[in-house]
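Trainee: Can we go through the side-chain contacts in this one?
Mentor: Yes, put the model up and ask away.

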Amino acid sequence: MARRRKGTPVHGWVVIDKPKGVTSTQVVGIVRRIFDAQKAGHAGTLDPMATGVLAIALGEATKTVPYAMDAQKIYRFTATWGESRDTDDAEGAVTGTSPVRPTREQIEAALPAFTGPIIQVPPAYSAIKVQGERAYDLAREGEEVVLEPRTVEIFESRLLAQPDADHAEFEILCGKGTYVRAWVRDMARALGTLGHVSQLRRTRIGGFSAETAIPLEKLQALGHGPAAFEHLRPISTALDGIPALAVTGPDAVRLKSGNSVLVRANIFARLTECVSGDDLQGLTVFCSTPEGEPVALAELEQGELRPFRVFNFGTG
């Protein structure tokens, strides 16, 4: 007999405005307890010193986490010049100092080189796994951590303010895998100085924004009740940009069972309304019932919708 999962079957997204001083894992645990959810996860770690948007997936919404993680993100942050830290942020130990302070003109001139596809070496204190261990665990144990360079995308970057010679405030719109700490570290070096991140706030992940996020302490004050559940968003919230298709009757049953369905003329016509271009091969489609209940994520291949992720709203 299968062991019953603890908690209740709660499904959807909760968008938290994370305060400073707690880990992303701690926030997931708090939210999970508030909703008494059987399963929970998050769409992208925020360091303890960082604040802002932390999207928590509950139940079947965890199956859409990769789509939220792949979404573009916006960060606002402060770079402090003249000091490098082993963590590349204010929480680390000082590893070097420099008397050089860049001017606004020098910073503005450097920005184009840090916009577009750029190569980064992630910070040693990061969640990347090295032979099965988290890099930050190895670094804390005193081991030398060497991570491979990776290409990330910075779609937009701008200097917001320069309150004094020691600090500069930035905003970037970036893709998956970008480390703001590495961006500041590398920009400082390009400017002939040293630097680290002293403040960091994530204001957006895809369709999740700080304007509509609930502060963690406010959600905690609501407790496990109807008021908290008003902040539970649909699973589809994370699937912004993926074509949606309403499937009925036998098609919904087949997809839920993991079986393909034939793309008939009426379905094909609806898909071509959503997506421009004639070639729909390999297209990912979000299938739901006409009432809006998620059915499956499916891929269009050889005239069929083939489900690769099925949503199951059982009782646990």
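Trainee: Is Glu171 buried or exposed?
Mentor: Glu171 is buried, with a relative accessible area of 13%. Keep in mind that this is a predicted model.

Trainee: Which residue does Glu171 form a salt bridge with?
Mentor: With Arg158; the closest N and O atoms are 2.9 Å apart. Glu171 sits in strand β11 and Arg158 in strand β10 (residues 150-164), so the salt bridge ties together parts that are 13 residues apart in sequence.

Trainee: And Arg158, buried or exposed?
Mentor: Arg158 is partly exposed, at a relative accessible area of 44%.

Trainee: How many salt bridges are there?
Mentor: The count is 14. One of them is formed by Asp70 and Lys176, with the closest N and O atoms 3.1 Å apart. That pair links distant parts of the chain: Asp70 is in helix α2 (residues 65-70) and Lys176 is in the loop between β11 and α5 (180-190), 106 residues apart.

Trainee: Where do those two stand on accessibility?
Mentor: Asp70 has 45% relative accessibility and counts as partly exposed. Lys176 is exposed, because its relative accessible area is 53% and the cut-off for exposed is over 50%.

Trainee: What about a salt bridge inside a helix?
Mentor: Take Arg104 and Glu108, whose closest N and O atoms are 3.7 Å apart. Both residues lie in helix α3 (residues 104-110), 4 residues apart, which is about one turn of the helix. Arg104 is partly exposed at 33% relative accessibility, and Glu108 is partly exposed at 36%.

Trainee: Which residues are linked in a network of salt bridges?
Mentor: Asp88, Arg185, Asp186 and Arg189.

Trainee: Switching to rings. How many aromatic pairs does the structure hold?
Mentor: It holds 8 aromatic pairs. One of them is Phe35 with Phe229: the ring centres are 4.9 Å apart and the planes are at 70°, so the pair is edge-to-face. This pair links distant parts of the chain, with Phe35 in helix α1 (residues 24-35) and Phe229 in helix α7 (residues 226-229), 194 residues apart.

Trainee: Are those two rings buried or exposed?
Mentor: Phe35 is buried, at 0% relative accessibility. Phe229 is partly exposed, at 32%.

Trainee: Which aromatic pair is stacked, then?
Mentor: Phe77 and Phe170 form a stacked pair, 5.7 Å centre to centre with 25° between the planes. Phe77 is in strand β4 (residues 73-81) and Phe170 in strand β11 (residues 167-174), 93 residues apart. Phe77 and Phe170 are both buried.

Trainee: Which rings are linked into a cluster?
Mentor: Ring pairs join Phe77, Trp81, Phe114, Phe170 and Trp183 into a cluster.

Trainee: What does Trp183 touch?
Mentor: Leaving aside residues up to four places away in sequence, Trp183 touches Phe77, Leu111, Phe114, Ile118, Gln120, Ile154, Ser157, Phe170 and Ile172.

Trainee: And the largest nonpolar core, what's in it?
Mentor: That core has 45 residues, and those with the most contacts inside it are Val31, Phe35, Phe77, Phe170 and Trp183. Helix α1 gives the most to this core, with 6 residues.

Trainee: What lies apart from it?
Mentor: Another core, of 21 residues, including Ala57, Ala71, Phe286 and Leu297.

Terms used. Residues are numbered from 1 along each chain as its sequence is written. This is a predicted model: local features need pLDDT of at least 70, side-chain atom pairs count only at pLDDT 80 or more; totals for chains, interfaces and linings use all residues. Side-chain values use heavy atoms; hydrogens and water are left out. Rings of Phe, Tyr and Trp (its six-membered ring) pair if their centres lie within 6.5 Å; planes under 30 degrees apart count as stacked, over 60 as edge-to-face and the rest as tilted. Helices (H or I, at least four residues) and strands (E, at least two) are DSSP runs, numbered from the N terminus. Buried means under 20% relative accessible area, exposed over 50%, partly exposed in between (1.4 Å probe, protein chains only). A nonpolar core is a set of buried Ala, Val, Leu, Ile, Met, Phe, Trp, Tyr and Cys residues joined through side-chain atoms within 4.5 Å. Contact means heavy atoms within 4.5 Å. A salt bridge is a side-chain nitrogen of Lys or Arg within 4 Å of a carboxyl oxygen of Asp or Glu.
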